[in-house]
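Biologist: I'd like to learn how to read charged side chains in a model. Could you walk me through it?

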Amino acid sequence: MASFAKDITQVKLPRPTRVKNKTPAPLQITAEQLLREARERQESHILPPQQNITDSTELSDYRLRLRKDFEDRIRRPGPYTQVWINYAQFEMRNKFVNSARNVWDRAVTVLPRVDQLWYKYIHMEEMLGNISGAREVFERWMKWSPDQEGWLSFINFELRYQETARARDVYERFVLCHPKPSSYIQYAKFEVKGGEVARARDVYERAVKNLGDDDEENLFVAFAEFEERCKEVERARVIYKFGLDRVGRGEELYRKFVAFEKQYGDKEGIDDVIVTRRRFEYDEQVRKSPLNYDAWFDYVRLEEEVASSVGDKERVIEVYERAIANVPPANEKRYWRRYIYLWIKYALYEEIEAEDVERARQVYRECLKLVPHASFSFAKIWLLAAQFEIRQLNLKGCRKILGNGIGKATNKDKIFKKYIEIELELGEIDRCRRLYEKYLVWSPEKCYVWRKYAEFEISLEETERARGIFELAVSQTTLDLPEVLWKGYIDFEMSQGEVERTRALYERLLERTKHYKVWVSFAKFEAGEQDEDEEEDGIERKQECIRRTRAVFDRAYVYYKEVIPEMKEERSTLLEEWLNMEMSFGMLGDVSIVESKLPKKLKKRKAITGEDGSVEYVEYTDYLFPEELKASNLKILEAAIRWKKQKVDAFCNV
């Protein structure tokens, strides 16, 4: 039985036929032809038969059948708004008002969110002249908090019957249900239309007080235009300014304000509008990117320009406080370079413009606390804080700041230099010496410090101290610029007229380096010792100087020739200097000594292989010295002799 039942319930579908010939038919049929053919063959709609009602009983039965049909249809699931409307209209056509009212009442109870049903219901009551009934329907509808159109239709209903007080009451409930600028604007326009200016102003003021910052631009524009129409120019100006402060970047509000100032204001008013606009733009920039310090600088500069004319310094200080609150997120100096200038400008503003010395001191103090000196420091801020204390005649505070800077800062060079400069201007010699000593303890390899310390002692005519400092300096194992230090030491001894000491210094320097510039400087020193006198003693002195000069050059030439013969260019430069020196001696000079040693310059090419394997030829200058030329000639002669000998041996064998 079970299998039999299964066979009965199972639906058998026909087997799909296979299309054997898939080639296109010679006559193609379009979709348009198919639709036209379907329309032509469509059968006419079957209408129910026309029914003639002859008595009231048949009419009652007919109405009963239609009501039953409507009731059945509204019980079905799905959208049935139109069914309710047709049902109610059926009752109205048959003049069953109470039945129609009952249908509408049931409809709005079941579908309270369908505005069309409420509108139809109210329209029916209003057409019947039942104003109080229509009002009650409106009241029932308002309990569901419909959209603005529903409230406005209620208000218009009251206004059609000159119920102004009732309309005002509906407006009050309307702005509570929809607290939006458009709602308050419509309410205020209603009061203006009724001549109630005070009430309209009160509506605008309540809107400004109750609403948030979203979409308030239209509200302030409408409020200002209302005051402008009431000839309250100052009120309108205040509203525009307040609106710009509150809304921020309001294009329409700003445009209206500019037009207003052009009509009613003066140049100062227009400038104020522009400043306000720029202020809002900077506010927006720093709000989106608080670490954009360039925007903060522009913002502060704007406020300072305004404060210089208006005198509102508190606003400038407020912007500075907001700016310095945005501390860089990482302890890396590159992130702090721009930020630290906010503090500097803040302190200078407090000191110069605001003339608040204590606040400026506090700004410097807080800035020095904030900077992570263990990672990096800014000598500029230490020096500015110290100079500030000097301007306040607080020398003790200045020394304390500079001392803390030397102890905490990672880069102390600028602090030491400025500290020494300040103490030197004050005539504190002992303090300068102690600072130089601390400076050298911190950085003994800096030749600049050694030289400045020695020059400081020289300026005090402390020759032995200066010489001792130079001796300590040149005895250091590590120096950053030893040539500068040695030159300073040599110039010092020369300025003191210590020829033997200078000569000894050159000899000591040559023990450390054999650079050709040292040899040339030594030779020029020896040549410079000749006297200008033309007397016999003067001639002998000149000859002695020339002899010493030639000895230095000769030593240098022998060193380059025998020890480092590959340094041909330096040897050639040395010989050129020697030749120029001999020429400068005039009649006492002997150019032939040098000319016999001068090399020949040869242009050669050498191959350079690049990273990609390509070969490039580069020209360079080579130097061929006389001894190398002789050796080359000897090699040629030897080769010729060997060739001659080979020829002779070959002839003898034949």
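**Charge pairs and a charge patch**

Modeller: Let's start with one residue: Glu139 is partly exposed, at 28% relative accessibility. That label sits between buried (under 20% relative accessible area) and exposed (over 50%), with a 1.4 Å probe and protein chains only. This is a predicted model, where local features need pLDDT of at least 70, side-chain atom pairs count only at pLDDT 80 or more, and totals for chains, interfaces and linings use all residues. Residues are numbered from 1 along each chain as its sequence is written, and side-chain values use heavy atoms, with hydrogens and water left out.

Biologist: Which side chain does Glu139 meet in a salt bridge?

Modeller: The general idea is that side chains of opposite charge can pair when their charged atoms come close. A salt bridge here needs a side-chain nitrogen of Lys or Arg within 4 Å of a carboxyl oxygen of Asp or Glu. Glu139 pairs with Arg173, at 2.9 Å from N to O. This pair ties together distant parts of the chain, 34 residues apart: Glu139 belongs to helix H7 (residues 131-142) and Arg173 to helix H9 (residues 164-177). Helices are DSSP runs (H or I, at least four residues), numbered from the N terminus. Arg173 is partly exposed too, at 26%.

Biologist: How many salt bridges does the whole structure have?

Modeller: A full search turns up 50. One of them joins Arg508 and Glu471, at 3.0 Å from N to O. Again distant parts of the chain are linked: Arg508 lies in helix H28 (residues 499-512) and Glu471 in helix H26 (residues 463-474), 37 residues apart. Salt bridges can also form a network, as with Lys68, Asp72 and Arg75.

Biologist: Take Arg359 and Glu350, which form a salt bridge. Is Glu350 buried or exposed?

Modeller: Glu350 is buried, with a relative accessible area of 1%, whereas Arg359 is partly exposed at 33%. Their closest N and O atoms are 2.8 Å apart.

Biologist: And which residues gather in the patch of positive charge on the surface?

Modeller: A charge patch takes residues with over 30% relative accessible area and no salt bridge, and joins like charges within 9 Å. Here Arg365, Lys369, Lys396 and Lys400 gather in a positive patch. Helix H20 (357-370) and helix H22 (395-408) each give two or more residues to the patch. Arg365 is found in helix H20, and its relative accessible area is 37%, so Arg365 counts as partly exposed.

Definitions and conventions. Patches are made of residues with over 30% relative accessible area and no salt bridge: like charges are joined within 9 Å, nonpolar side chains (Val, Leu, Ile, Met, Phe, Trp, Tyr) within 5 Å. Accessible areas come from the Shrake-Rupley method with a 1.4 Å probe; for residues, only the protein chains shown count as cover. Lys and Arg count as positive and Asp and Glu as negative; His and the chain ends are not counted. The place of a charge is taken as NZ of Lys, CZ of Arg, CG of Asp or CD of Glu.
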